[in-house]
Amino acid sequence: TLPPLQPHLALRRAPAALGDPEPAPAAYPPPLNFVVTRVDAQSMSAGERVRKLPILLSVAGMYSISALEPEDLDLRESIARLLTRIGRHAESADVLRQLLEVTPGDGGRLVALSTSLFALGQYDKSLDAAKEALEASASDVEAIVRVGLAQEALENRREAIEAMERAKVLAGDREDVVEALVRLYRDKGDLARKEEDHIAAASAYRGALALAPEEGDLHLALGQSYRSAGSIQEGLDALRTGTERCPESVPLWRALGSLREAYDKGDEALDAYGRALILDEGDYESLVGTARILWSRGESAEAAESFEKAAGMRPDEAEPHEALSALRQELGDQEGAVEALKALGGVRPLSTEEQETLGTLQGALGRYEESVGALEQAVKDKPEDLPCVLELVRAYEQLGRHGAIIAPLERALEPSPDHAEGQLHLGRAYVEEGRDEDAAAALELSARLSPAAETWELLAGALER
């Protein structure tokens, strides 16, 4: 519990301070009617009470004395500054405005007013007060800082940077000024990148790095800006410098690997990706980058292993599944290729070519129903692609669905009728469906194009019937 407020001096004349429901006496004209009430104290956390109670008591005491000494302007200014410290910015601004009516052009009080108005979100008025303070003293660093902060809040970045650069010249490497400049240059760079003005972005990030050379995200942004601008060597230099300054930064190593990979620097890219993976073995982009390079070198088994890990990390990403479907076929693992294509189909719709590949693989594994399902979809998209249609035909034949063969095969053969295998399959389907005249025509053409014992036997049977 808080100790009771001592009713000394004019506090006796402020019953509200002690929880009395009566209003404060008229001796406290607005805005000097602020008193510490128990509601103020009860609304605070324990930590805030410990920190703020002495200030609250000081404010209450000062208001009390101020009522007795209304001409003590310094006391009123102290009240305003204490009010600012406890977050009572509206009351502080009111007190300062009253003071400035008596002492217009007072730089210190104008800066204090600018601070309170800024905290209230009144950025235009904060800027006006700070500029008025500069009229009193053009080299007032606090006023210049307030101008810079207000201009930043109003998104006038160029003016904000000019003000903060001026403050830095006058105040040296003052921490809040440097922090504001870094923030402003970073924001300027981010905006330029959004607008795809990558040269301007790089210039802004360089400005920020001149003040904060240990900021890894700035090195990263600079390198990426150079890359987008096509300035590859500058991008590599920026990222290399970043890794030297921030050797524990995974994003920097990853970006360096990506840029090296893009410009056929395989060994250097592998080294950078490797450094990223040492720091974070779960870094997806570095793992996929490593896998791509291994694949390009013909190290298919190692590439497949890396892609498998990547697919496990992010099963909803398409690239690892796409790569694995091709790599598993290279390695003779048809089952693995099928699984990769199925997983890819769960991420996005398979392309026509992928449907064809899936159907062909399923057929090779003897899964003819699954093969037909995939190949029918592919044939629907490219009905005149004879190799794709023939894969479907073979699956139909295995399932004894000879009638289903005729329509798609007839259509596929229309542009290229002189295809021995196609005519053989078509003739065989006609035979199964009892269409002997059509069978004879198709089989005769097939035999003429490519004589084979099976063709002659089928043809002889059809002619006999």
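Student: Which helix does Gly107 lie in?
Tutor: Happy to start there! This is a predicted model. In it, the helix that holds Gly107 covers residues 107-119. That helix is α5.

Student: Is Gly107 buried or exposed?
Tutor: Let's use a cut-off: a residue counts as buried under 20% relative accessible area, and as exposed over 50%. Gly107 has a relative accessible area of 16%. Because that value falls under the 20% limit, Gly107 is buried.

Student: How far apart in space are Gly107 and Ala133, C-alpha to C-alpha?
Tutor: Along the sequence, Gly107 and Ala133 are 26 residues apart. In space, their C-alpha atoms are separated by 4.4 Å.

Student: Why do the buried residues of α4 line one face of the helix?
Tutor: Good one! The buried residues of α4 include His89, Ala93, Leu96 and Leu100. An α-helix has 3.6 residues a turn, so residues three or four places apart point the same way. On the other side of α4, Glu101 and Val102 are exposed. Looking down the axis of α4, the buried residues line one face because they fall within an arc of 165°.

Student: Which helix gives the largest share of the largest nonpolar core?
Tutor: The largest nonpolar core has 50 residues, and Met164 and Val145 are among those with the most contacts inside it. Eight residues, the largest share of this core, come from the helix spanning residues 175-194, which is α9.

Student: How many residues are in the second, separate core?
Tutor: This core includes Leu375, Leu392, Val393 and Leu426. Its number of residues is 25.

Note on methods
Residues numbered from 1 in each chain as written. Predicted model: local features only at pLDDT ≥ 70, side-chain atom pairs only at ≥ 80, totals over all residues. Heavy atoms only, no water. Core = buried A, V, L, I, M, F, W, Y, C linked by side-chain atoms within 4.5 Å. Buried < 20%, exposed > 50% of the residue type's maximum accessible area, 1.4 Å probe, protein only. Helix = DSSP H or I, 4+ residues; strand = E, 2+ residues; numbered from the N terminus. Arc of directions from axis to C-beta.
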